[in-house]
Amino acid sequence: MNKRLLTVISYLGYFIIGIITVVLSPSLPFMLKSLIISLGVAGAAFTARAGGSFFGVFLGGILADKFGKKPLIIMGCLVQGLAMAAIATTKSWSMVLLFFVINGVFGGFLGTSLNTLVADIYADRRGAAMNALHGVYGVGSLIGPVAVGLVLTWQFGWRLVFYGASALWILYLLLILTLGLSIPESEKKEDLSGKQKQIPVKSFLLHPIFIVLVLVSFIYNGSATSLVGWINTYMNKMQYSTFLGSGMVTIFYIGLTAGRFLCGFFSDRAGFSRTIIICSIGSLAFYPLAIYTTQPILIAAGVFLSGLFLSGLHPTGLAYANKLFPSSSGTVTGILSASLSLGAMIVPWLVGLIADNAGFQAGFGLGLALLFILVAVAARLIYQEKKSNTDIP
């Protein structure tokens, strides 16, 4: 199939992921009233989805290398569409949680496969392609809350939001089936007998550069999710309006989206390791502006610039890992995506615990401490690259 068409289809899929990922947060207050549940119980929806995603991205990468990406893309669209429709239909909170787990697992299958597909078809420009792909996700995450807000403002109800999400996945699936996608598989390294050689997972986990990339993904998402997840509540604690707090989330995603497209322009030229250390230093420099100032204009500047510099870390890490292990691109993508999910599951929770006992600035301090570690890790990446004479652009 035409490379350009495959690219459009892949980017469209990631755009839809960006839209649908954010539908839970604005819908949750309405679900609370409809299903008569408490805040503490409602929070389990985020854990259920993140937990499912953690297993989905890891398992999906291995399955993509073993069975190919197309079956996982089709299953991801179909099952997510059914799961979203089931959430809209059920009146049981326990069933909602179950379907969020299922949605997370198969969303992980789809996301990992799309990442791997783009990495494979742009083997010569992975940095640009991966940053652009995740930039498209950012555009979707900006549009999603607006669309959901309109549906809820016009009082069509939260169930219509999830029916709409279901319809998007089914329509995307029909598009793929109608076009009859012929999806290329990962580059294969061959042994002397001519048979395809699969690199064992143990080889990734023991590779010093790959270990660093895993840490980069974990720290990036832990710090980023902590900031964007708690900034609204932090602003409310300082007696600022809910509108202003929500606006900070939008500002973060604008920075994130712009940063990814910018990284797409220079990551292949500057080099992956240099891009990662620039992003690390920049995020460390501006994160304190977001969490230790009290003026809205300064907080907004810190939030925007933090998003701008945090943006390129994970996509560039994915490009780097796929360059290192092209014959097992699905597996390495899955492992890095699992590390990403783990950061979102652990760090924001710890930030909340610290904030509850010592205040939000102390809680956000954990994210800042991780960024100090990130700079050290990024410096180690350059050192390890030179030591191993790894030829990465």
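Among contacts in the protein chain between residues at least 6 apart in sequence, what percentage join residues at least 24 apart? In this predicted model, the share of such contacts that join residues at least 24 apart is 83%.

The protein chain contains 16 helices and two strands. Its radius of gyration is 20 Å, close to the 21 Å that the globule rule gives for 393 residues, so the chain is as compact as a globular protein of that length. Along the principal axes, the C-alpha trace extends over about 65 × 45 × 30 Å. Of the 393 residues in the protein chain, 54% are buried, while the area that the chain exposes comes to about 16,500 Å², with carbon and sulfur atoms supplying 70% of it.

The largest nonpolar core comprises 107 residues, and those with the most contacts inside it are Trp93, Phe162 and Phe252. Helix H10, which spans residues 208-237, provides the largest share of this core, amounting to 14 residues. When neighbours within four places in sequence are left aside, the contacts of Trp93 are with Leu28, Met31, Leu35, Ile37, Val41, Ala42 and Ala45.

A polar side chain was also examined, that of Ser339, a residue located in helix H15 (residues 329-358). Ser339 has a relative accessible area of 8% and is therefore classed as buried, the cut-off being under 20%. Apart from neighbours within four places in sequence, Ser339 is in contact with Val214, Ser217 and Phe218. For Phe218, the backbone nitrogen lies 3.4 Å from a polar atom of the Ser339 side chain, and this separation falls within the 3.5 Å limit applied to polar contacts.

A search of the whole structure for disulfides returned zero. The cysteine sulfur closest to that of Cys263 belongs to Cys279, and because the two sulfur atoms are 3.9 Å apart, they are too far from each other for a bond, the criterion for a disulfide being a pair of sulfur atoms within 2.5 Å. Cys279 is likewise in no disulfide, its nearest cysteine sulfur being that of Cys263, 3.9 Å away. Both cysteines are nevertheless withdrawn from the surface by the accessibility criterion, since Cys263 counts as buried at 4% relative accessibility and Cys279 counts as buried at 2%.

Key
Residues are numbered from 1 along each chain as its sequence is written. This is a predicted model: local features need pLDDT of at least 70, side-chain atom pairs count only at pLDDT 80 or more; totals for chains, interfaces and linings use all residues. Side-chain values use heavy atoms; hydrogens and water are left out. A nonpolar core is a set of buried Ala, Val, Leu, Ile, Met, Phe, Trp, Tyr and Cys residues joined through side-chain atoms within 4.5 Å. Buried means under 20% relative accessible area, exposed over 50%, partly exposed in between (1.4 Å probe, protein chains only). Helices (H or I, at least four residues) and strands (E, at least two) are DSSP runs, numbered from the N terminus. Contact means heavy atoms within 4.5 Å. The radius of gyration is taken over C-alpha atoms; the globule rule is 2.2 Å times the number of residues to the power 0.38. Accessible areas come from the Shrake-Rupley method with a 1.4 Å probe; for residues, only the protein chains shown count as cover. A polar contact is a pair of N or O atoms within 3.5 Å; within protein, one must be able to donate a hydrogen and the other to accept it, and residues adjacent in sequence count only if both atoms are side-chain atoms.
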